[in-house]
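I opened a fresh page for this one and kept the entries short. Here is the model I had on screen while I wrote.

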Amino acid sequence: MDEQNRNLILASVLCLAVIIIWPFLVPPPAEAPQSAVTSQETSTIAPAAAPVTAQQRTAPEELAEGRTDAPRIAIDTKELSGSISLQGGRIDDLALKSYQISLDEGASIVRLFRGTDEPEAFYADFGWAPGGALGFEDVPTATTIWNADASATLTENTPVTLSWDNGKGLVFTRVISIDENFMFNVEQSATNTADAAARLAPYSALMRHGIPTALKNFFIIHEGAMRQTGEELSEYNYDDISDFDRDDRWGATADVAQIQQNGWLGFTDHYWMSMLIPESAQPFTGVLQYNEARNTFRSEVRLPTVDLAAGETISVSTQLFAGAKEWETIRNYENDGGIYNFLDSIDWGWFFFLTKPIFAVLHWLNAVIGNMGWSIIALTLLIKAILLPLAYKSYVSMARMKELQPEMEKLKEAAGDDREKMQKGMIELYKKNKVNPASGCLPILMQIPIFFSLYKVIFVTIELRHAEWVGWIRDLSAPDPSSILNLFGLLPYATPEPTSIFYILSLGVLPIILGISMWLQQKLNPAPTDATQAMIFAWMPWVFMFMLGSFASGLVIYWIANNTITFSQQYLIMRSQGIKPDVFGNIKKGFSRKSKTEET
């Protein structure tokens, strides 16, 4: 086996192995939002010597079922629709107007929050925990009916105000506003009109009932809780949370972090997330908790205990991000809104140093071109242009090795079975002609991290979800929906579902083109004379075709474009070195070899 073919086979087998094994080696990243604390009049917010305990912070009726007849305030913005229940003042009904659950005609829009009267309830709570002489009857809880203008609607330009008087000198107010995207701001105020001081602890929480049934459960994407604790971003899946040690202060399994600044926490799904964000300089306690008896997961932001003197008013603002993980929107919240490290709430993976810039360039190209499919092709051209100097050296070296083939054959004949003599002779031959036999592997090896970085980008970013390219490709994040089993839609037969074991046989147009492009790329060179090598090379394009057939269409488009550009580059560079690739002749020889084999 000559060195050139050995290197090519090694690189190809390595690429194949990495495609199979890589996802098991690439865990995901996480992130979260921000909140603010402000004061009005003579408010003071400071840690107390005897802080409110966890049991005091969480009202026993916190999980009370939502009343179906409880009054509600509508939410209606450009991006969101839903309502706020005046029972508890919860944000427990929220849908994303711009996103449907599928591409089917008439498909419903994605719902993010649900009340306790629905399966898989998920909602945001805000409130005050009682301390000192106060009891739960003295503060608003999950059963409290807040007062509000019944005709009010929360929009980008019209905040809503909720109020409740405990009848004992404490008046609570909650002002909820929202921007044009997905960021709520909840300003909670407490005014003490009594003669005695009161002790309170403001909090905000996200409550999720059970593990979502729509989880991808795919190791390449993180789904679960995130917590930014200053400089460190941690992520926990639902099994991690349920395995936390029991914390007696919280009465359940819990993980408690004391965060001094730049913190946020919440829950993230594949394309959506909900995060609680205190002000960047605000210290707080970030709690992740699982209640086994109720099967609930909780993310809570606990601010320091407040001593509210008679006649004083305090005000605490907390931001709530609840929406789609749009790259540009989240980046603006980080850059302009001061939410530390917020862009990492998108799962960029271990190769974030590649995935982040790759997507940034892809996003820019899409802004110019207006189509993600063509943007992927343009990105491929750009990557190949950057790697061209490396590819040029590689293909020149390969061309020179091709010129040495006659001399290498003579060395084989002279060395016979003496492998050491053969290797020494080849090394001297390479040195004499200044040829690096390993250079042919480098472009292929460089493509592996790029390929998997793009795979990660296409899988985790919402911008590729339901993004059209041409004709039948309506979702670049999904496999090619066409199938050879029904002649690409010409026959009225249903094809195997993606969950079926036979789905791998349901090849679409793009995977077939991919196989053909790899096969043509091989034909730039004659088939190896060694039978084993020839067999590996002959099968490789079709193995890749079936393997990548179930991958996202955007990734297959990249691979096809990459093969096409590589073919062109290699052909032109070989011609520049005086070697004229006989593509058609090599194809003809391949078929004639098969015919002879069949006759034998």
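**Entry 1: a ring pair to begin with.** I started at Trp 128 and Phe 172, and found both of them buried. This is a predicted model, so I treat each value here as computed from the prediction. The two rings make a tilted aromatic pair, with 6.3 Å from centre to centre and 50° between the planes. I then checked where they sit: Trp 128 is in strand 6 (residues 122-131) and Phe 172 is in strand 9 (residues 170-178). With their positions 44 residues apart, the pair links distant parts of the chain.

**Entry 2: more rings.** Next I looked up Tyr 271 and Trp 272, whose rings pair edge-to-face at 6.0 Å between centres and 65° between planes. I noted both Tyr 271 and Trp 272 as buried. How many aromatic pairs does the structure hold? I get 28. Some ring pairs chain up into a cluster, which takes in Phe 113, Phe 122, Tyr 238, Phe 267, Tyr 290 and Phe 297.

**Entry 3: stepping back to the whole chain.** I wanted the overall numbers before going further. The chain has 600 residues, and 54% of them are buried. I count 14 helices and 21 strands in its secondary structure. Of the contacts with a separation of 6 or more, 71% are between residues 24 or more positions apart. The accessible surface is about 27100 Å², and carbon and sulfur atoms own 57% of that.

**Entry 4: the cores.** Which residues have the most contacts inside the largest nonpolar core? My list reads Phe 113, Phe 184, Leu 320, Phe 321 and Phe 342, in a core of 117 residues. Helix 10 (residues 442-460) gives this core its largest share, 10 residues. I also found a second core, separate from that one, with eight residues. Among them are Ala 415, Met 422, Tyr 430 and Val 435. Phe 113 is worth a cross-reference, being in the ring cluster of Entry 2 as well as on the list for the largest core.

**Entry 5: what covers helix 4.** I turned to helix 4 (residues 327-335) and asked which of its residues are buried. They are Trp 327, Thr 329, Ile 330 and Tyr 333. Their cover includes strand 10 (183-192), strand 17 (272-277), strand 21 (313-324) and helix 5 (352-369). I marked Trp 272 here too, since strand 17 starts at that position and Trp 272 is one of the buried rings in Entry 2.

**Entry 6: salt bridges.** My count comes to 15 salt bridges. I picked three to look at.

- Arg 72 bridges to Asp 92, with 2.9 Å between the closest N and O atoms. Arg 72 belongs to strand 2 (residues 72-76) and Asp 92 to strand 4 (residues 91-100), so this bridge ties together parts 20 residues apart in sequence. Is each partner buried or partly exposed? Arg 72 is partly exposed because its relative accessible area is 36%, while Asp 92 counts as buried because its value is 6%.
- Glu 118 pairs with Arg 111, the closest N and O atoms lying 2.8 Å apart. I have Glu 118 as partly exposed at 27% relative accessible area, and Arg 111 as partly exposed at 29%.
- Arg 208 meets Asp 269 at 3.2 Å, N to O. Arg 208 is in strand 11 (residues 198-209) and Asp 269 is in the loop between strand 16 (263-268) and strand 17, so the bridge ties together parts 61 residues apart in sequence. Arg 208 counts as buried at 8% relative accessibility, and Asp 269 does so at 11%.

One more note on bridges: shared partners join Asp 93, Arg 111, Arg 114 and Glu 118 into one network.

**Entry 7: out at the surface.** I finished with a nonpolar surface patch of about 760 Å². Its makers are Ile 484, Leu 485, Phe 488, Ile 501, Phe 502, Ile 504, Leu 505 and Phe 546. I looked up Phe 502 on its own and found it in the loop between helix 10 and helix 11 (509-522). Why does Phe 502 count as exposed? Its relative accessible area is 52%, and the cut-off for exposed is over 50%.

Notes
Residues numbered from 1 in each chain as written. Predicted model: local features only at pLDDT ≥ 70, side-chain atom pairs only at ≥ 80, totals over all residues. Heavy atoms only, no water. Core = buried A, V, L, I, M, F, W, Y, C linked by side-chain atoms within 4.5 Å. Buried < 20%, exposed > 50% of the residue type's maximum accessible area, 1.4 Å probe, protein only. Helix = DSSP H or I, 4+ residues; strand = E, 2+ residues; numbered from the N terminus. Contact = heavy atoms within 4.5 Å. Areas by Shrake-Rupley, 256 points an atom, 1.4 Å probe, with all protein chains shown as cover. Patch = residues over 30% accessible without salt bridge, like charges linked within 9 Å, V, L, I, M, F, W, Y side chains within 5 Å. Salt bridge = Lys/Arg side-chain N within 4 Å of Asp/Glu carboxyl O. Phe/Tyr/Trp six-rings, centres within 6.5 Å; stacked < 30°, edge-to-face > 60°.
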